[in-house]
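Please explain how the parts of this protein chain fit together, beginning with its interior and ending with its backbone geometry.

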Amino acid sequence: MGIAFDYAPDRPEHIDAILNGLDRYNPETTTVFQDYVTQQCEDRSYDCYANLALLKLYQFNPHLLRDEAVTNILAKSLTVFPSPDFSLCLHLLPSYILSPPSSSTNNPSSNPTPGDAPLSEAVQKLTILNNLLSGAKYREFWQTLDKDDLYADLIADVVGFEELMRVRIAVTVGQSCREVERGVLEGWLGLTGPPFEHFVREVCGWGVDDTRGPKGMVVIPINKENEAKGTVVKEEVKFEQFARVIRRAYEQPA
């Protein structure tokens, strides 16, 4: 049996009471949810259901929206990919936030549009990261994250963001591969040298065979996801199922 969508093992009792009661739609609980988002960023916990509830409150009460809370929710949702949490959060945001920044900034005399807001730019940046992860472009993910200082600001509140991302990437790789060239995996994890060795051996429990390939080969133990299994297709078709076809073959044409 799968885990319920609204389940979060570390959810405080007062948050659970709000989510299961009418106060979930009370604007006064907005600050409570915002503090809970901050707590998630600090202690590495994650509660998608509560975060979605906060974004829903922002829909009903746009004057209460806080940019920092929105970007932190989106950044936290990246740390649980390949789950669809980022897309779920994104679809609860107002359309003007989802609009890419317009070119009006090139014309000082023009009036700014909602898409020029800092929050809109931040959402666009985080969406780029999500798209790279969804396309398994892990090397490009790290390159994009490192080349723009804005990304550092967006993930600053999420403690251990880079480590959490490496763990999620490693989980995905471990589900689909048995061996990976060291140079390739270094790009996927954004690590080289001793930090790479430590992460692969100590965190992931994988092995490194330096005698194979130009830089060595990372060996991933067999698990139920990456194990190659033969599939035997067996079809059971009863003769009665062809009775009508055979009968038609002997019928005289009209």
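Two residues are in contact here when they have heavy atoms within 4.5 Å of each other. The structure is a predicted model, and the description below applies to that model.

A suitable starting point is Asn72, which is located in helix α4, residues 67-78. Its relative accessible area is 5%; because the cut-off for a buried residue is under 20%, Asn72 counts as buried. Setting aside residues up to four places away in sequence, Asn72 touches Val37, Cys41, Leu154 and Asp157.

The nonpolar interior can be considered next. The largest nonpolar core has 63 residues, and those that touch the most other members are Phe33, Leu74, Phe141 and Leu185. Helix α3, residues 48-60, supplies the largest share of this core, with nine residues. For Phe141, the contacts beyond four places in sequence are Leu129, Leu132, Leu133, Phe161 and Met165.

Helix α12 shows how burial can be distributed around a helix axis. Within α12, residues 193-203, the buried residues are Phe196, Glu197, Phe199 and Val200. They lie on the same side of α12, because the arc they cover around the axis is only 165°. The general geometry of the α-helix is relevant to this pattern: with 3.6 residues a turn, residues three or four places apart point the same way. The buried residues of α12 pack against α10 (161-176), α11 (182-189), β2 (207-209) and β3 (217-219). Pro194 and Glu202, by contrast, are exposed on the other side of α12. Just after this helix, Gly205 adopts a positive phi of about 75°.

Further backbone features occur in loops. Arg44 is not a glycine, yet its phi is positive, at about 65°. This residue belongs to the loop between α2 (30-43) and α3. Arg44 has a relative accessibility of 38% and therefore counts as partly exposed. Ala136, likewise not a glycine, has a positive phi of about 60°, and is placed in the loop between α7 (118-134) and α8 (138-147). With a relative accessibility of 43%, Ala136 is also classed as partly exposed.

Which kind of peptide bond joins Phe81 and Pro82? The bond is cis, with omega at about 10°. Pro82 itself is part of the loop between α4 and α5 (85-90), which returns the account to helix α4, the helix that holds the buried Asn72.

Definitions and conventions:
Residues numbered from 1 in each chain as written. Predicted model: local features only at pLDDT ≥ 70, side-chain atom pairs only at ≥ 80, totals over all residues. Heavy atoms only, no water. Helix = DSSP H or I, 4+ residues; strand = E, 2+ residues; numbered from the N terminus. Buried < 20%, exposed > 50% of the residue type's maximum accessible area, 1.4 Å probe, protein only. Arc of directions from axis to C-beta. Core = buried A, V, L, I, M, F, W, Y, C linked by side-chain atoms within 4.5 Å.
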